[in-house]
Every structure is written in C-alpha cells, then in structure tokens.
Amino acid sequence: MAAKKKSTPTQDAKTEDSFQNFGARMGWGANRLFSGGTYGFHPVSRERTLVEWMYRGSWVVGVAVDCVADDMTRAGIEINSTMPPDDIEKLQAALQASMFWPRVNEAAKWARLYGGAIMVAQVEGQDVETPFRPETVGAGQFKGFLVYDRWMVDPSLNDLVQEPGPDVGNPKFYRVTASMTSNIGYPLYNKNIHHSRVARFEGVSLPWQQKMSENLWGISVIERLFDRLIAFDSATTGTAQLIYKAYLRVMKVKKLREILSAGGKAEANLAKSISAIRDWQTNEGMTVIDADDEIDFHSYTFSGLDNVLIQLGGQLSGALQIPVVRLFGQAPAGLNATGDSDWKNYYDGILQKQEQTLRASVAKFLPAIAQSNKIALPDGFNFQFRSLWQLKDDERVSAGSSLA
C-alpha cells in the first residue's frame, strides 16, 4: 500500500491565530461592533496652522510640548576634566553667553510641536555652505546659534549624507526658504546650510517610508494623541458647561399647543409670562404662576465625572510619558503616595533623551565655543548631564554619613 502523501501548507493557506466564535459573535471579524474598529490616516503634523492654534489655545498642548524641552535643558552639564577650575567656570560662562541652552530649548520645542527643527552655528567669516571645522574657529568668531523649524527650511531630499557616521542618510543641506521670511533680509536667507553646522532635532521619529513622506522629518508629538486630546477637552468643557445647567426647570402650561398654534397676542402673552417668571425667580424672590400651571425641577448628579477626567488625563500622561504631577501639576493621589517613583522614571527618560539627542550636539559645538573664548580643552575632556533629581534632606544626611 502506497504511503499517504503528507500535505504541506501552500501560499494560499489561511492561518488564524486568534480565538473566534461566530455563533456567539466573539473575536475579530465575527460580525460585531468591535470588529468594525480600525485606524485612519490623519497627518496632523502637516497642518501647521492647526498645531499652532493648539499650542496657542490649549494649555495641555503647551505643557506637552514645552516641559520635556525645558527639563532637558534646565540643569546644563557637569564638566569632567583636569581643566583648572577657572577655565571650567569660563567655559560654562561661554556656553551661557552663546545662548546655547536657550537655543537648544527652542529647537527641541519646535521639533516636538512641528516634527522637526534645526539649530545652526554662527561663525563669523565662515561660509555656511562649507563643512564645519571647529579647529578653524578663531578668537571671538563664534557668534551663537539660529533656530529654524521644519517649515522654515527645505532639506536636500536628493542629496543625502553618504559618508559613514551619525548623519548618514540625512539631508546634506538645508535651504532657508522665502515662504516664511517674506523678505530677503532674514539671516541665511536662500543659503544652503551644510549639515555639519547643524544640530538636528525630530519630534517623533518615523520608519523610513513614512519619513520620506514627511520630507525626512519626524511628526509632532501631538499627532499620536490627537484623539485623546479631543476626548479630554470635550470632557472638561462638557463638565464645566454642566455647572450652568445643574438642573432643568420644566413648566407645564395648559393648552400650550393651542396657544402656539394661534400665535399672535396669545403667544406673546405666554412669552411675557415666562420672562416675568425668570426675572422674579431668584434666591430671594418668588415664583408666581397660574393655578393650572406646574413647574418641575430635574437636578443633575455629578458623581463619577471626576473619575472620568482622571482616567482621560492618565491616558494623556501615558501617551506623553510625562507623569500626572508634571503634566497637570496635581499631587499624587492615594495613601502614602509621594510620586517619587514617577519622578525618578520621568527623569531617567529625560536623561535618555539627553544622551540620544543632545550629547552629539554638545560634543560638536563645545570645542568651537571654547576655542573662540581661548579656552584649551585637554585630552580626555568629557562631560555629563546634571541630574534633575534633588536629594531630600534626610537623603543628604544619609549620603553624608556614609561618606564619613
């Protein structure tokens, strides 16, 4: 007897790896409301005026954009070096004088808002279209930085960096466009800025195909949580509006249909009567109605609304990776809740962003700033970002005791 041929799966074979029960309408694709859910394409980042209106008009959006950039730049760096203390102080002062941290803060904010931004080094006497060489910066030549968001520059999409390194695959040049300047007197107007003179910032990084659709930029941090923002603002605005309608008054008027059908003087008299009731009915007044009329009061209950708002706020907090205490300025709830773990996790996330997005920029421009201010950087020069976590008094005492 011939052996039975073992069947092998074909390319047309369909494999289901999720539970389905069509009789009970359970599972994906089982003809139920849940199966109708999907995701649409709403590229909010491309609607520049919309994100600008949101940033101007929504305090939640303002905090979502600003607070991470503010926390990334507010503590600065600690210089680890054999440099004399006076030189370290001079270098820190030179960083401040060049407006390094305020410009980084600005670029990081506009990257989070629009999806991308660049910070350009200004060196007197050097052509911005040529590669940046820190060793060629003379005394007093470094003049600070300029910041351009993604709508202010056109990246060279057909001329990308080919040399191996951190910038490979990014545009080689950025041209300052006339669309935002309205006059050719704007700094670096119509110039091709070489990528080596640029610190590049992205909002939310994208996979390659989507990045190409965004002119090699990322997307705004607002885009991913747009629907959550609508839900939160709708809930808070609706809750506030309920205060104006804490109860409804219903007046029963005999032969109301006949009065409205007749119109004219009868309807005018009815309107006058209702207006008089509204004018007289105050906390110290009296409501006077006809003996055949009735007024009922229907009150609202507000229980449960606070939990809804808390949950919607928690979704925004999770989407932005910003703790509720930082995003909304609210103390942590619960017995013995201090929020310390939330702060530590958040500060760890800030440090990760600093290492990923700021370290290369600091390492690129710090030598040029030092050379412009006649400060020699020794071999092995290094730095670290200052911690945002502040020890409490008892922790300082404990740390001091352990070192004693």
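**Salt bridges, cores and a kinked helix**

Visitor: How far apart are the closest N and O atoms in the salt bridge that K211 forms with E202?
Guide: This is a predicted model. K211 and E202 form a salt bridge, and a pair of this kind needs its nitrogen and oxygen within 4 Å. The closest N and O atoms meet that cut-off, being apart by 3.3 Å.

Visitor: Is K211 buried or exposed?
Guide: The cut-off for buried is under 20% relative accessible area. Its partner E202 has 23% and counts as partly exposed. K211 has 15%, so this residue counts as buried.

Visitor: How many salt bridges does a search of the whole structure find?
Guide: One of them joins the side chains of R133 and E135, at 3.3 Å from N to O; R133 is partly exposed, with a relative accessible area of 46%. R46, R150 and E214 are linked in a network of salt bridges. For the whole structure, the search gives a total of 15.

Visitor: How many residues apart in sequence are the parts that the pair E78 and R386 ties together?
Guide: The side chains of E78 and R386 meet in a salt bridge of 2.9 Å, N to O. E78 lies in strand β1, residues 77-80, and R386 in the loop between β10 and α13, so the pair ties together parts whose separation in sequence, in residues, is 308.

Visitor: Are E78 and R386 buried, exposed or partly exposed?
Guide: Partly exposed covers the range between 20% and 50% relative accessible area. E78 has 36% and R386 has 32%. Both values fall in that range, so E78 and R386 count as partly exposed.

Visitor: Which helix gives the most residues to the largest nonpolar core?
Guide: This core holds 69 residues, of which I77, F100, M119, F201 and I222 touch the most other members. The helix that gives the most to the core spans residues 340-372 and supplies 11 residues; it is α12.

Visitor: On which residue is the kink in α12 centred?
Guide: α12 has 33 residues, and a straight helix would reach 48 Å at 1.5 Å a residue. The end C-alpha atoms of α12 are only 42 Å apart, which is short of that span. α12 also has a kink of about 50 degrees, and the residue at its centre is L358.

Visitor: Which residues does F100 touch, not counting those up to four places away in sequence?
Guide: F100 is buried, with a relative accessible area of 1%. With near neighbours in sequence left out, the residues that F100 touches are L95, M119, F145, V362 and F365.

Visitor: Is the pair of F100 and F145 stacked, tilted or edge-to-face?
Guide: A search of the whole structure finds 14 aromatic pairs. Planes over 60 degrees apart count as edge-to-face. The ring centres of F100 and F145 are 5.5 Å apart and the planes lie at 65 degrees, so the pair is edge-to-face.

Visitor: Which helix and which strand does the pair F100 and F145 tie together?
Guide: F145 counts as buried at 4% relative accessibility, and F100 and F145 belong to one aromatic cluster, along with W101, F132, F142 and F365. F100 lies in a helix of residues 100-114 and F145 in a strand of residues 142-149, so the pair ties together parts 45 residues apart in sequence, namely α4 and β3.

How values were computed:
Residues are numbered from 1 along each chain as its sequence is written. This is a predicted model: local features need pLDDT of at least 70, side-chain atom pairs count only at pLDDT 80 or more; totals for chains, interfaces and linings use all residues. Side-chain values use heavy atoms; hydrogens and water are left out. Helices (H or I, at least four residues) and strands (E, at least two) are DSSP runs, numbered from the N terminus. Buried means under 20% relative accessible area, exposed over 50%, partly exposed in between (1.4 Å probe, protein chains only). A nonpolar core is a set of buried Ala, Val, Leu, Ile, Met, Phe, Trp, Tyr and Cys residues joined through side-chain atoms within 4.5 Å. Contact means heavy atoms within 4.5 Å. The expected span of a helix is 1.5 Å times one less than its number of residues. The bend at a residue is the angle between axes fitted to the seven residues ending there and the seven starting there. Rings of Phe, Tyr and Trp (its six-membered ring) pair if their centres lie within 6.5 Å; planes under 30 degrees apart count as stacked, over 60 as edge-to-face and the rest as tilted.
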